[in-house]
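Work through the exercises below with the sequence and the 3D view open. Try each task before reading its solution.

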Amino acid sequence: MSRDVGAGGAADLGAGGAAGLGAGGAAGRDGLARDAASAGDAGRAGVVSVAGDADRAGAVSVAGGAVSPEVRAGGAVSPEVRAGGAVSRDGQAGAEVPRDGGSPATQRTRRHRQDRAARPEQDGKAWQRRLVAGLKRGWWPLALLTLILIAPELAPHAATDVVGLPYSTQGLLGTDHLGRDVLSRLMHGGRPMVLTSLAAAALGTGAGTLIGLVAAWWRPFVLRPWDAVAAVPGILVLLLVLTAMPNRAGIVFAVALASVPLSARVVHAAAAQVIGKAHVEHAKVRGERTAWILGREVLPLIGTTVLADLGLRFVMAVYLVAAAGFLGLSTMSSDWGLLVVEALPGAALQPVALLAPVVGIAVVAVSANRVADRVGEWA
Amino acid sequence: MRELLTSLGLLVLLSFAVFVGVDLLPGDPVTARLGATASPARIAEVRAHLGLDRPVLERYGSWVVGVLQGDLGVSASGRPVASMLSDRVGNSVLLSVVTLVLLVPLSFGLAVWAAWQRSADRVISGGALLLVSVPEFVVAGALVLVFAVSLRWLPAVSLVPVGSSPLSTPSVLVLPVLSLLLVGLAYAVRVIRSSAVGVLASPHVEFMWLNGASRRDVLRQAVLPAVLPVAVQVWLVTGVGFVGGAVLVEKMFGYPGIGELLVSSVRTGDLPVVQALVLIIGAAMLGALVLADWAVVLLTPRLRVAR
């Protein structure tokens with residue numbers, strides 16, 4: 001049994017949580033906490049697929065089936081966070097996951113029933129409509145993202161301009177210990193943080209997908225060496241890489257490196273199901289090249305899984321990038337993590353300067369989590 | 001036994017990767033620290049002083065021999081790494097043990113409560129999602145604002161006199177423990193709750209209800225045995241994660257643990273200390289995973305019999 005209990009042996013345990021833990025468990029608490037969902041993914045992917053979802057026809061739904069129980073379970077909770085504890089806005093998610101979850105098995109049958117009911121109208125247009133609806137529901141995080149990206153252009157001052165006395169109430173959010181405008185610093189710090197996180201998440205998921213596909217096609221053994229990386233908490237990987245590369249490329253590389261093992265596991269779990277399918281066997285017999293099969297026959301079917309994983313990697317990336325700023329290892333002049341450290345000593349005099357970046361990071365992290373949930377639901 | 005060997009192999013791999021990886025990365029710690037204007041002679045001198053002029057495999061070999069003899073090498077500051085670590089490891093373990101002692105009953109209770117009662121679930125799951133998304137220092141920052149700045153109940157910085165244990169001034173432990181606890185709790189509650197929800201929705205629990213089993217019986221006979229293996233895994237991994245993952249919290253409060261040392265070593269490019277710390281934290285993590293696997297087998301009769 002050994003570590004396979006965690007890795008993919010969900011079937012042995014029957015408890016998705018336990019399996020998920022193993023996959024992400026190796027990642028250490030840092031990665032883990034933020035990867036609760038992704039760890040769940042891997043585990044659930046195991047449970048659902050081992051149980052054999054033969055009934056679910058259609059490419060997207062198979063890939064989605066591997067992820068959605070977990071993502072949906074999260075999805076059912078989160079509207080409350082957004083709506084501030086009000087009734088769930090999203091009737092569908094609420095109805096689908098009574099008591100917020102249900103065992104994977106009950107969820108599966110429930111979705112089967114719904115699928116059967118929905119199948120007649122499930123043509124291309126319905127899919128498009130759902131995509132649009134998904135975008136509509138996801139407007140809030142998207143608007144936030146746009147706002148953060150254009151904010152530096154709108155900032156009243158430069159990030160390092162001294163505009164007044166230290167800790168004065170000048171400006172909307174006051175000034176910091178050097179008399180710099182807190183609002184401007186906040187607005188300037190958002191874009192580099194989000195862009196760095198995006199780059200790191202894309203790189204990590206890309207490499208993870210490649211490794212996951214190779215592992216699913218060839219031998220799961222390929223994943224083993226990455227367990228060593230996964231055993232190191234993400235924050236440690238970050239510190240380690242930054243020892244040698246103390247620059248922005250180092251941050252991107254470190255975050256990507258920390259995400260690869262988790263991405264690879266999730267993709268491996270999803271791809272292993274697809275690779276056994278008839279159309280892949282057919283392509284093999286046809287004599288197609290391996291790269292062609294993986295890219296054209298396998299990857300499209302697990303696209304949603306990869307996208308959902310990208311969302312989770314982004315959450316993790318925001319966390320690590322903010323942490324790098326907090327630890328003073330970032331090269332950006334007004335990173336939000338850096339703002340937190342700088343505001344600490346003067347927190348009694350200027351609490352807003354501490355509160356603003358704290359709230360900012362929390363809002364970005366939570367909404368990134370929401371987007372990751374939404375992407376999973378598109379399937 | 002096999003898993004123990006696998007973990008040992010992974011640990012060797014990890015230490016090797018750290019050694020060679022840091023060497024292979026495009027950046028150069030010495031140039032980066034001294035700045036671009038440093039003279040080549042000065043760079044060569046520092047490299048020789050740190051032993052970086054020898055081939056990487058030779059350095060790794062002598063380091064491994066040293067570690068096997070209990071010698072973790074000498075830090076760039078000239079002090080033996082082992083003596084730098086001794087107090088710090090104790091402090092970090094103390095922090096994580098105290099947090100874990102609080103975490104175990106709280107996470108179990110809250111998670112089962114959330115799975116049991118829908119109204120409680122809203123608050124608990126919502127809070128857990130929020131806390132799980134944000135970095136520890138954000139939680140810690142919020143706590144500082146409330147307890148240290150507004151209420152002035154607790155110190156914002158954990159000043160521990162050199163050579164004494166944090167236990168001599170327990171008030172410095174409160175905020176670090178609380179920060180770690182909240183974040184760890186969020187993760188543990190999410191995992192344990194989803195497992196408990198699955199059990200409560202299963203046919204055999206329904207069968208028990210229909211047979212008129214009391215709430216206590218359902219909890220004791222169905223929920224507890226099914227959830228415990230998952231919970232033990234979460235606790236073990238979270239507990240070890242506290243030792244290594246407390247980096248941000250220790251830095252936030254200036255708590256003298258290994259996380260704080262790690263950050264300052266990275267900043268000064270003190271490789272021997274970083275390597276030793278990664279080895280210790282990696283070993284603890286792999287050890288916890290092995291223990292967690294064993295615990296699952298012990299607590300799951302089906303797996304126990306299969307052995």
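How much surface does chain A expose, and what share of it do carbon and sulfur atoms supply? Chain A exposes about 13,900 Å². Carbon and sulfur atoms supply 65% of that area. Accessible areas come from the Shrake-Rupley method with a 1.4 Å probe, and for residues only the protein chains shown count as cover.

Two ground rules apply throughout. This is a predicted model, in which local features need pLDDT of at least 70, side-chain atom pairs count only at pLDDT 80 or more, and totals for chains, interfaces and linings use all residues. Residues are numbered from 1 along each chain as its sequence is written, chains are lettered from A and ligands numbered from 1 in the order in which they are written, and side-chain values use heavy atoms, with hydrogens and water left out.

**Exercise 1. Describe the two chains.**

Step 1: secondary structure. Chain A has 19 helices and 0 strands. Chain B has 14 helices and 0 strands. Helices (H or I, at least four residues) and strands (E, at least two) are DSSP runs, numbered from the N terminus.

Step 2: burial. Buried means under 20% relative accessible area, exposed over 50%, and partly exposed in between (1.4 Å probe, protein chains only). In chain A, 60% of the 379 residues are buried. In chain B, 52% of the 307 residues are buried.

Step 3: contacts, meaning heavy atoms within 4.5 Å. Take pairs at least 6 apart in the sequence of chain A: 69% of their contacts join residues at least 24 apart. For chain B, contacts with a separation of 6 or more are 71% between residues 24 or more positions apart.

Step 4: surface of chain B. The accessible area is about 13,500 Å², and 69% of it belongs to carbon and sulfur atoms.

**Exercise 2. Trace the salt-bridge network in chain A.**

Step 1: set the criterion. A salt bridge is a side-chain nitrogen of Lys or Arg within 4 Å of a carboxyl oxygen of Asp or Glu. Over all chains, the structure holds 6.

Step 2: find the members. Arg286(A), Glu288(A) and Glu297(A) are linked in a network.

Step 3: read the distances. Between Glu288(A) and Arg286(A), the closest N and O atoms are 3.1 Å apart. For Glu297(A) and Arg286(A), the value is 3.6 Å. That second pair joins helix α16 (residues 290-298), which holds Glu297(A), to helix α15 (residues 278-286), which holds Arg286(A); the two residues are 11 residues apart.

Step 4: classify each member. Glu297(A) is buried because its relative accessibility is 16%. Arg286(A), at 41%, is partly exposed. Glu288(A), at 28%, is partly exposed too.

**Exercise 3. Which residue of chain B forms a salt bridge with Arg88(B)?**

Step 1: the partner is Glu260(B), with the closest N and O atoms 3.0 Å apart.

Step 2: place the pair. Arg88(B) lies in helix α5 (residues 81-116) and Glu260(B) in helix α12 (residues 258-268), 172 residues apart.

Step 3: check exposure. Glu260(B) has a relative accessible area of 25%, so this residue counts as partly exposed.

**Exercise 4. Locate a nonpolar surface patch in chain B.**

Step 1: the patch consists of Leu4(B), Leu291(B) and Trp294(B), with about 260 Å² of accessible area together. Patches are made of residues with over 30% relative accessible area and no salt bridge: like charges are joined within 9 Å, nonpolar side chains (Val, Leu, Ile, Met, Phe, Trp, Tyr) within 5 Å.

Step 2: Leu4(B) sits in helix α1 (residues 2-24). Its relative accessibility is 38%, so Leu4(B) is partly exposed.
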